[in-house]
Amino acid sequence: MVYFVLLECKNLLNIPLNVESDDSILEQLGAKADQYFTNQMTSYAELLPLTGNNLTTAQQAVNQYVASIYMARKQNFDSAKYWEDRYKESFNTLVNILTSDPTNRTKRVAQTKAYVTEPMKSDPLLET
């Protein structure tokens, strides 16, 4: 799924839309960011690609991530940190939405097991 949107990312970075000198760099970063984001989402989302408001939030997050990487490449580390923080906020918001909505939540179920205090028999460090 493509979450990266070039024009939105350029908007975040205040790059005029008619300036195309860094478009190929942004596109390359966007493709990698899409794959990275998809990999992260697989543990939270039952269905990919995301749709509706979740898609909008995902696009926002990926564009912020690309902005962070782009600014780091330009040696503007304060701005890179700013965009990284915005990405983390957007990502965490999306995770909270996906894990709180029963229609989108993963089907994994946590199970509580009794606590065992004896050592594992297969542990070679405990063998004498």
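Below are legends for a handful of close-up views of this predicted model.

Residue numbers count from 1 along each chain as its sequence is written, and the side-chain values use heavy atoms, with hydrogens and water left out. As this is a predicted model, local features need pLDDT of at least 70 and side-chain atom pairs count only at pLDDT 80 or more, while totals for chains, interfaces and linings use all residues.

**View 1. The whole chain is built from 4 helices and 0 strands.**
Read from the N terminus, the elements go α-α-α-α. Helices here are DSSP runs of H or I with at least four residues, strands are E runs of at least two, and numbering starts at the N terminus. Of the 128 residues, 33% count as buried; buried is under 20% relative accessible area, exposed is over 50%, and partly exposed is what falls in between (1.4 Å probe, protein chains only). The chain exposes about 8800 Å², with carbon and sulfur atoms supplying 53% of that. Those areas come from the Shrake-Rupley method with a 1.4 Å probe, and for residues only the protein chains shown count as cover. Take the contacts between residues at least 6 apart in sequence: 70% of them join residues at least 24 apart. A contact, by the way, means heavy atoms within 4.5 Å.

**View 2. Helix α2 takes up residues 23-41.**
This helix has 19 residues and spans 26 Å from first C-alpha to last, close to the 27 Å expected at 1.5 Å a residue. The expected span is 1.5 Å times one less than the number of residues. Its buried residues are D23, L26, L29, G30, A33, D34, F37, T38 and M41. Their cover includes α1 (6-12), α3 (52-73) and α4 (77-100).

**View 3. F37 sits in helix α2 and has plenty of partners to inspect.**
At 1% relative accessibility, F37 counts as buried. Skip the neighbours within four places in sequence, and F37 is in contact with Y3, L50, A58, A61, V62, Y87, F91 and L94. F4 is 33 residues away from F37 along the chain, with 9.9 Å between the two C-alpha atoms. Now pick up L50, one of those partners: with the same neighbours set aside, L50 is in contact with Y3, F37, M41, A45, L55, A58, L94 and L98.

**View 4. The largest nonpolar core holds 28 residues.**
The members touching the most others are L13, L26, F37, M41, L50 and V66. Helices α1, α2, α3 and α4 are the elements that give two or more residues to this core, and α3 provides the largest share, 8 residues. A nonpolar core is a set of buried Ala, Val, Leu, Ile, Met, Phe, Trp, Tyr and Cys residues joined through side-chain atoms within 4.5 Å. In soluble globular proteins, nonpolar side chains tend to be buried together.

**View 5. The structure holds 7 aromatic pairs.**
Y44 and F91 make an edge-to-face pair, 6.2 Å centre to centre and with 80° between the planes. Y44 is in the loop between α2 and α3 while F91 is in helix α4, so this pair ties together parts that are 47 residues apart in sequence. Y44 is partly exposed at 28% relative accessible area, whereas F91 counts as buried at 10%. The rings of Y87 and F91 have centres 5.9 Å apart and planes at 35°, so that pair is tilted. Both lie in helix α4, 4 residues apart, or about one turn of the helix, and Y87 is buried at 6%. Rings of Phe, Tyr and Trp (its six-membered ring) pair if their centres lie within 6.5 Å; planes under 30 degrees apart are stacked, over 60 edge-to-face, and the rest tilted. Zoom out and Y3, Y36, F37, Y44, Y65, Y87 and F91 form one aromatic cluster.

**View 6. The charged end of R86 sits over the ring of Y82.**
The distance to the ring centre is 4.5 Å. To qualify, NZ of Lys or CZ of Arg must be within 6 Å of the ring centre and within 35 degrees of the ring normal.

**View 7. N14 and Q75 each have a positive phi.**
Most residues other than glycine have a negative phi. N14 has a phi of about 60° although it is not a glycine; it is found in the loop between α1 and α2 and counts as exposed at 68% relative accessibility. Q75, also not a glycine, has phi near 65°. Its place is in the loop between α3 and α4, and at 57% relative accessibility Q75 counts as exposed.
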